[in-house]
Amino acid sequence: MIAVPGFLLSLLVAMVLSGSGLAAGVKAKAEVSCAATAKSLEYDCAIKLSDQRSGAALTGVDVTVGADMPSMPMAHNVKPVKAVPDSAAGTYRARILLEMHGDWAVKVDLAGPVRDRIVKSMRFEPKP
Ligand SMILES: [Cu+2]
């Protein structure tokens with residue numbers, strides 16, 4: 001029988017507890033689709049979040065959407081917007097205002113029960 005000092009035991013317990021957090025280790029998958037609105041350079045984006053492993057819808061997440069142009073570093077300063085939950089579980093909507101058409105990296109930041117960042121390369125064209 002090996003005697004385990006008390007502090008070591010509580011350290012072990014703490015390690016086990018920290019690994020069992022509500023959504024610890026959840027990797028999010030995001031589907032993003034944006035449609036041009038009537039206003040020039042404004043896009044209505046629908047975001048669908050799910051657990052990469054289980055496929056379960058991720059609800060109650062604080063979602064912020066930002067955008068940058070990888071081909072033009074430092075040239076743009078698009079203000080990130082908070083997305084609002086949509087009717088279906090795990091879906092959110094956000095309106096972003098870009099500064100030009102072309103290829104953007106859309107950044108979806110998740111906070112609250114799930115913390116993650118998903119970056120999508122998307123092309124934004126003028127409304128046909
Ligand atoms: Cu640009």
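Two strands pair if DSSP finds at least two bridges between them. Strands here are DSSP runs of E with at least two residues, helices are runs of H or I with at least four, and both are numbered from the N terminus. The structure is a predicted model, in which local features need pLDDT of at least 70, side-chain atom pairs count only at pLDDT 80 or more, and totals for chains, interfaces and linings use all residues. Residues are numbered from 1 along each chain as its sequence is written.

**The whole chain**

Begin with the complete chain in a cartoon view. One helix and eight strands make up its secondary structure, and along the sequence they follow the pattern α-β-β-β-β-β-β-β-β. Two residues are in contact if their C-beta atoms, placed from the backbone, lie within 7 Å. Among contacts with a separation of 6 or more, 55% are between residues 24 or more positions apart.

**The four-stranded sheet**

Next, select strands 4, 3, 7 and 8, which form an open sheet in that order with antiparallel pairing. Strand 4 (81-82) and strand 8 (116-124) each have a single partner strand and stand at the edges, so one side of each has no neighbour in the sheet. Strands of a sheet pair through backbone hydrogen bonds, either parallel or antiparallel.

Select V65 and look to both sides. Its bridge partner in strand 4 is V81, and its bridge partner in strand 7 is V108. Strand 3 (residues 62-68) is joined to strand 4 by two bridges and to strand 7 by seven bridges.

Continue to strand 8, which nine bridges join to strand 7 in antiparallel fashion. To locate this pairing, select K107 and its bridge partner in strand 8, V119. The two strands form a hairpin with four residues between them, and in the turn G112 has a positive phi of about 90 degrees.

**The nonpolar core**

Now colour the chain by burial. A residue is buried if 20 or more other C-beta atoms lie within 10 Å of its own, exposed if 12 or fewer, and partly exposed in between, with C-beta atoms placed from the backbone. By this criterion, 18% of the 128 residues are buried. A nonpolar core is a set of buried Ala, Val, Leu, Ile, Met, Phe, Trp, Tyr and Cys residues joined through C-beta atoms within 7 Å.

The largest such core has 22 residues, and I47, V63 and V65 have the most contacts inside it. Strand 1 (28-36), strand 2 (42-51), strand 3, strand 6 (91-97) and strand 7 (102-111) each give two or more residues to this core. Centre the view on I47: leaving aside neighbours within four places in sequence, its contacts include A30, V32, V63, A83 and V108.

**Three loop residues**

Move to the loop between strand 1 and strand 2 and select L41. This residue has a positive phi of about 70 degrees although it is not a glycine. L41 is partly exposed, with 16 other C-beta atoms within 10 Å.

In the loop between strand 3 and strand 4, select M74. M74 is likewise not a glycine, yet has a positive phi of about 70 degrees. It counts as exposed, because it has 7 C-beta neighbours inside 10 Å.

Finish at V78, in the loop between strand 3 and strand 4. V78 counts as partly exposed, with 18 C-beta neighbours inside 10 Å. Beyond its neighbours within four places in sequence, V78 is in contact with G66, A67, I96, L97, L98 and E99. A distance label between the C-alpha atoms of V78 and V65, 13 residues apart along the chain, should read 9.8 Å.
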